[in-house]
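Got the model open in your viewer? Set it to cartoon, keep the selection box handy, and let's take a walk through it.

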Amino acid sequence: ADVIALVEKAEDLWAQVETLRKEANDLSLQAESLGMEAETSAAGAMSSLQESISEEKLAEANEAQNSVIDLGSLLDRAMRATEEADQIEVLAEEALAASNAALEQHLIDFPEDDEIDTL
């Protein structure tokens, strides 16, 4: 197997892992912010509806409910990105191990290449 191709494959996989971890983190931060907004919105809507019910107050409650739904969607996307990153990380570890094994075998098969690299 071509050692350089194996190393490049491992690097590409690690780059994907990094991108997905960043995406998951960004989504988590968005979810945290939206969660605080949804909590405030829901508390306001509940308080408002206890006083009296009007079309405006029902719209406010509906908006609070939509925020909670949006929050659930963000959390789901963050979880999926994390799970995908975990799966790709396993592949990246395997690719790294394969590239290390190929490099070791290459150095056994062609010891003169190692001598040239150290000059």
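Helices here are DSSP runs of H or I at least four residues long, strands are runs of E with at least two, and both are numbered from the N terminus. By that rule the protein chain has 3 helices and 0 strands, and reading along the sequence gives the pattern α-α-α. Before you click further: this is a predicted model, in which local features need pLDDT of at least 70 and side-chain atom pairs count only at pLDDT 80 or more, while totals for chains, interfaces and linings use all residues. Residues are numbered from 1 along each chain as its sequence is written, and side-chain values use heavy atoms, with hydrogens and water left out.

**Stop 1: the whole chain**

Colour by pLDDT, the predictor's confidence in each residue, from 0 to 100. The chain's mean is 89, with 93% of residues at 70 or more. Which helix has the lowest confidence, and which the highest? Select residues 111-117 for the low end: that is helix 3, with a mean of 64. The high end is helix 2, at 93.

Now zoom out. The C-alpha trace spans about 85 × 25 × 15 Å along its principal axes. The radius of gyration, taken over C-alpha atoms, is compared with a globule rule of 2.2 Å times the number of residues to the power 0.38. For 119 residues a compact globule would come out near 14 Å, but this chain has 26 Å.

Switch on a surface. Accessible areas come from the Shrake-Rupley method with a 1.4 Å probe, and for residues only the protein chains shown count as cover. About 8,400 Å² is exposed, and carbon and sulfur atoms supply 55% of that. Per residue, buried means under 20% relative accessible area, exposed means over 50%, and partly exposed is in between (1.4 Å probe, protein chains only). Of the 119 residues, 23% count as buried.

**Stop 2: the nonpolar cores**

Select Ala10, Leu13, Val17, Leu20, Ala85, Ile88, Ala92 and Ala95 and show sticks: these 8 residues are the largest nonpolar core. The term covers a set of buried Ala, Val, Leu, Ile, Met, Phe, Trp, Tyr and Cys residues joined through side-chain atoms within 4.5 Å. Helix 1 and helix 2 are the elements that give two or more residues to this core. A second, separate core has 6 residues, including Ala31, Leu34, Leu74 and Ala78. As background, nonpolar side chains in soluble globular proteins tend to be buried together.

Stay with Ala85 for a moment. Contact means heavy atoms within 4.5 Å, and, leaving aside neighbours within four places in sequence, Ala85 touches Val17, Leu20 and Arg21. Across the whole chain, among contacts with a separation of 6 or more, 78% involve residues 24 or more positions apart.

**Stop 3: salt bridges**

Arg21 is a handy link to the next selection. A salt bridge is a side-chain nitrogen of Lys or Arg within 4 Å of a carboxyl oxygen of Asp or Glu, and the count comes to 5. Arg21 and Glu89 form one, at 2.5 Å from N to O. This pair links distant parts of the chain, with Arg21 in helix 1 (residues 3-51) and Glu89 in helix 2 (residues 55-109), 68 residues apart. Arg21 counts as partly exposed because its relative accessibility is 30%, and Glu89 is partly exposed too, at 26%. Add Asp86 to the selection and you have a salt-bridge network of Arg21, Asp86 and Glu89.

Next, pick Asp76 and Arg80. Their side chains meet in a salt bridge of 3.1 Å, N to O. Both lie in helix 2, 4 residues apart, about one turn of the helix. Asp76 is partly exposed at 34%, as is Arg80 at 46%.

**Stop 4: Lys57 and Ser48**

Select Lys57 and Glu51. Their salt bridge has its closest N and O atoms 3.8 Å apart. Is each partner buried or exposed? Lys57 counts as buried, since its relative accessibility is 16%, whereas Glu51 is exposed at 61%.

Then add Ser48, in helix 1. Outside its neighbours within four places in sequence, Ser48 is in contact with Lys57 and Glu60. Ser48 is buried because its relative accessibility is 12%.

**Last stop: Ile4**

Finish at Ile4, also in helix 1. With 55% relative accessibility, Ile4 counts as exposed. Draw a distance from its C-alpha to that of Glu89: 19 Å, for residues 85 apart along the chain.
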